[in-house]
Each structure stands twice: as structure tokens, then as C-alpha cells.
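Student: I should like to understand how the terms used for a protein structure are justified. May we go through the reasoning step by step?

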Amino acid sequence: MLCSCRAKETGSPATVRVRVADRSFDLHKDPVVSKCGYFSEAMLESGDVELPASFPGGCEAFEVIALFCYGDAVALDPFNVAAVRCASEFLGVAGLGARCDLYINQVVLQSWDDALIVLQRCQPLLPVAEELLIVSRCVESLAFMACMEILDPEQRRDQPSGAVAARALAGRQWDAELVKELAARDLWIKDLIALPFEFFGRIVRALRRQGMKEKYVSPVVLFYANKWVLSKKTHKFWASTDDEAIDGETDANRRAAAIMEGVIELLPVEAAAASGAIPVAFYFALLSRSLALELGEDSQTRLREQVSSNLQFARVDDLPLPEQDTDQPIADSKEVRAVESIVSSHVSVRRKGAEAVAELWDRYLLQIASDPKLRPERLSELIGVIPAGDRKHHNHLYEAINTYLVEHRGMSGEEKATLCGHLDCRKLSHEACIQAVQNDRMPLRLIVQALFVQQLHTHRAFTECSDSFRCVHSGELVVSGASAYTPSPGCPVIPTSQPLSSGSPYECHHATAPRDAKLRARDDASDYETASFRIQALEQEIISLKQTLQRHNTLKGSSRRDAGAGGNKEPSFRVATDANAPAAIKRRAAVNGSCIGSMRWGSQRRCASRILRVFARLAVFGKGRSRGKQSKCRAATATPTEKLNCM
């Protein structure tokens, strides 16, 4: 249509044919050559010209340039100005490039919508649009208008809804669909996260360069990552619409990985979770997604460092676990190993929040301990990730070990002792100690230690209550009885109106309370260590008695004959149950007749009670003791039967 119209106007046929992609234009040589420097060189040999595939703008842009060559008015708009500017630069059209630049500066850069349209139209025009500064001008203009949106006094809001939405996500489990709804509340954020990442990343850097606070910039990065990386709907859309790729799933992972690496670079270096700019759940959502993508080594290292720096603010629900059941144990999955590596990194650099991280890790182990495929040595390895001194209390660790013992009832005593060796009864709460004492799955050593700690707690509670009662009531007696007090002859008279000073003999000495508490805690710790050594000694003694009993059981028949004959042989550890035996020996006959390893739970409890009575004689639980009985139990020359009776 263009060719025929021009032929009628000029009265001469077209002499030049220009092919652009799959379309041909028949033009006159003089207007085209006079306005376009490209054609003046291309038409030296032939009248037909075919533009290369790299020609920017395509047929639409060339048609606008052809009309300009014939002197017609050029209709520029945000949809074609970038293509026309790039095409005119390629063909060397004089005057048209300046007109396009003027339109961009005076019209496009003054409008948010127009700048977005031009920027999106620049994507197929790269790198020419970048060389002509069209992209950079649009990016700076959009960043400036976004800053003005934040500072707009007519809005009268302290924080934009994007920042408020990011703060609302704190302390909640990550939900991609909910975050997508929150991102739509601000139109400027919704427009920015729809851009290709190469333009979005440049706008984010421009926002920071122009002075926008991080608490406003970080939520924009969060919303972008949620839409293009974390959203399952976007992933399914990419996998189903990419017809060129052989494997749509692989191509979708590749595109998501490229965007994710860019997002990780845009995240702030400093910990933004402490200020609430980025929820901690977002870092762990990225970590969980990164395990399914093939990220570069640098991006993985950077992401794990950021997760490690925010680990003390995390919740146990944020830590990733395998979503699908596999044949391998949960503890050997890539999710658990990734969290283990991050916790180890946090511990190695001694960051703040060591106690919070230790509690978080114990809660995480509680979720893993229920796996029936978990090996005890692997659980011990995971427990040892946190140093013993970082755990303020062992309640959650006790729950994890107890859960593991419930799922693995066939463990040997040695395996139980090794696993429970990580527990410190002094760091268990009073309720946990009571539960440990009543738990028949725990080894005997832990039960005895829990009994001792429980008695220490009870003793300390009574002592503090008694001291407080004595202190309060002594003050009441002095104050209330001051007016009715009649000193005896020879005693100094204290005026009733005189206030009690720190040096008054009638005042309760509060200053010595902290020192007494420290001394009492030191004595309790010393008693605990002493009791631990004595428990070990008693266990060794019980083992030796058990071995002696086993040796004598092999001579069961001969022992009975010797006992019936009443010979002068050494006394057997098999206690006789005849009518002439003492009553105390009769009561112990049921216990002494079997090995301690084969005792029922009730027998073990009675044995533990006897061990506690031994402690009472050794002045572990009180001051009163019987030196005669204590020396009898400690005598090195005592017979095995007497040692067993002492227990």
C-alpha cells in the first residue's frame, strides 16, 4: 500500500526494493538515499537491498522510517519510540534520532506507565538500546519515581504497604500464594516485579543508589523472588509452555536458577532479618529451593552465609525437611546435611545467639529422631554439632533421645548409654527430671543421676523458701515489736524511731545472700561430681559381683551339696532361704539369686533405692551418717555378701 501510494503521488514507478524479514518495500531511490546513509552505500551495485537479521525494530520500525523519508509526520508513541530510535541509528537517518530522544525525555520519562512500556520494549532491542542510553534513562526515571512514591506526603503513611507486608510475614511459615497477594497491594511493586530480571536488578541498584532505605528495597526483592523462583505455579507454567526445550522441567529449573543467582546478589550483605526487612523464613525458603536447582558455588556459599547470620531468629518450622519419602534416612538427606553445615558454620564463628541456635537445633533433632531408619551413631553425630556449653537446658535434647528410644526398642544397653551420655541431668528442668526417673527406657546411670538432681532441686527449693521465710518474719518481728520491746537491765536501749541501717544487728543480711547462693551452687556441683564418681565405682563393684555370681552359677550343683553338708568352704553368693536364715537375708534372696542385668524394672528401682541409701550413709544427701555402717561398706576386706548387703 505504501509503494502504490507513493507511485501515484510522484508519477514514477518505484526503483528500490527493500526486504525486511519476510516483507518487501518498493520505494523510490532519491528520498531514501537522501535521508538514509545506509542505503547510499548499499545501492551502489544493485537496486535491491536486504536488511540483516540484526536490524532492530523489524518491519514496523522500517515503515515509520520510510514515511519519514517521504516527509510525512511521524507518529511516535511509547510502544514504537524505542524501536524507531534504534532503527534510525542503524540506518543513519538524519534528524529522526534527535526527534525520538526529545520525545523520550519530555514525554516518556515523565510518566511511570510510559517508562515501563519503553523499558519492556527495549528487551529485544539490546544491545543497541543500551548503547543509546534508552535503558539507563528509563531505569533512573523509574527509580526516582519509586522514591517519590515512598515520600509522597499525600499518602500520609509512615511505611508503604510492601514494607508492612514484609513485617507481617515475620514469625510465620512461608506461603508463596499469600506473599503474592501481599505484593499486589502496591501497584509500583507489582509493576516492577513483572519486569525481566536484567531490568529489575538495575532498578533495585538504582533505588539504593538514590537513597531509598533498605527496609523498603528488600521487600521488593523478596516479592520478585517469590514470583519467579519460589512460586510453584510459575514453575509449572514454564515447564508446560516451553515447546522448544526437550525437557520442560529441566529448562524451568535452569531459568529459575539463573534468576535465583541474581536475587542472591541483590540481597543485602548485612543481616536484614534483625530489623524485620526480610523475614527469616524467606532465607530458608530460598535454601530449600536452591537444593533442587543447580546453583553456582559462589551463590550457594553466599546464601548459606546469609542463612547462618540469621539463624538465631529462625523457628523450627523454617528449617527444611525432605518432602518425599525415600529409601535413605532423613538424616542423610541433602536438606538435613545443608542445615547441619549451616549450624556448624554458625558455631565455628561464634556468632551471637548461641543458646537460641542450640535450642533450635535440638527441636530440629526432635523431628528427625522419629525416623526408624536413623542410626544411633548418626544421631550422636548430629547431637555433637552443638557444643555442650552452648546448651542452656537439655529438655528438648531429652525429648529427642526419648523419641528415638521409643522408635528403636531393640537398642543394646551400651548404645543407650552412649546416646544418653550427651544428657546432663543438671540442665534438665524439675518436670523433665521426674519424667526421666519414671522412664524405664533410660539407662540406670541416668535414672540415678536424675534422682540425685531432683533431690538437689527439692533441697534447694526448701532452703530458699526457708531462708526467705526466716528473713521476712525476722524483719516483721523487729519492726512490729519495737514499740513493745522492754530491754532487760544492762542492755543498750535502741530508739524505736531509729531506722534499721545496714549495720544493725537485727537486720536480715541480704548482702550475703548472693554469696551464699554461689557457695551453695558450688557445693551442689561438688556433690554432683562426687556422686558421679561414686556411681561409677558402684557400677564397677556391681559388675564384679555379677561376674562372681556367674562363676558360682556354673558350680550350682556342687554349691548345693556343699551347703547341705555344712562344710567349711568359702561362703557362696547364693543366699540360703531356709527357716534359720535371718529375715534381712530372706528379703534379699530374690535379688541375690539373679544377675542385675536380668532384673525387672521393679527390681532395678529397688536396687536404685538401695544405692540412694548408700549415698545417705556417705553423707551425700545429709549430714547425719553412721560411721560404723559406712566403714563396713567401704572396707576393702569385706566379703562379697557383705558388699551386696550394703547396697
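**Reasons behind the terms**

Tutor: Arg85 and Glu89 are four residues apart in helix H5 (residues 81-91), and about one helical turn therefore separates them. Please keep in mind that this is a predicted model.

Student: What makes the pair Arg85 and Glu89 a salt bridge?

Tutor: The closest N and O atoms of Arg85 and Glu89 are 3.1 Å apart. A salt bridge requires a side-chain nitrogen of Lys or Arg within 4 Å of a carboxyl oxygen of Asp or Glu, so the term applies. The structure holds 22 salt bridges.

Student: Why is Arg85 called buried?

Tutor: Arg85 has a relative accessible area of 9%. Buried means under 20%, so Arg85 qualifies.

Student: How do you know which term suits Glu89?

Tutor: The relative accessibility of Glu89 is 44%. Exposed means over 50% and buried means under 20%, so Glu89 falls in between and counts as partly exposed.

Student: Arg85 also touches Asp101. Why is Asp101 called buried?

Tutor: Asp101 has 19% relative accessibility, and the limit is under 20%, so Asp101 counts as buried. Asp101 is placed in helix H6 (residues 96-106). Leaving aside residues up to four places away in sequence, Asp101 touches Arg85 and Arg137.

Student: What makes Asp332 and Arg378 a salt bridge?

Tutor: Their side chains meet at 3.7 Å, N to O. The cut-off is within 4 Å, so this pair is a salt bridge.

Student: Which parts of the chain does the pair Asp332 and Arg378 tie together?

Tutor: Asp332 lies in the loop between helix H18 (297-309) and H19, whereas Arg378 lies in helix H21 (residues 376-383), so the pair ties together parts that are 46 residues apart in sequence.

Student: Are Asp332 and Arg378 buried or exposed?

Tutor: Asp332 has 18% relative accessibility, and Arg378 has a relative accessible area of 2%. Buried means under 20%, so the term holds for Asp332 and for Arg378.

Student: How do you know which term suits Arg375?

Tutor: At 36% relative accessibility, Arg375 lies between the limits of 20% and 50%, so Arg375 counts as partly exposed. The side chain of Arg375 meets that of Glu377 in a salt bridge (3.5 Å, N to O).

Student: What makes a network of the salt bridges around Arg375?

Tutor: Salt bridges that share partners join Asp332, Arg337, Glu340, Arg375, Glu377, Arg378 and Glu381 into one network.

Terms used:
Residues numbered from 1 in each chain as written. Predicted model: local features only at pLDDT ≥ 70, side-chain atom pairs only at ≥ 80, totals over all residues. Heavy atoms only, no water. Helix = DSSP H or I, 4+ residues; strand = E, 2+ residues; numbered from the N terminus. Buried < 20%, exposed > 50% of the residue type's maximum accessible area, 1.4 Å probe, protein only. Contact = heavy atoms within 4.5 Å.
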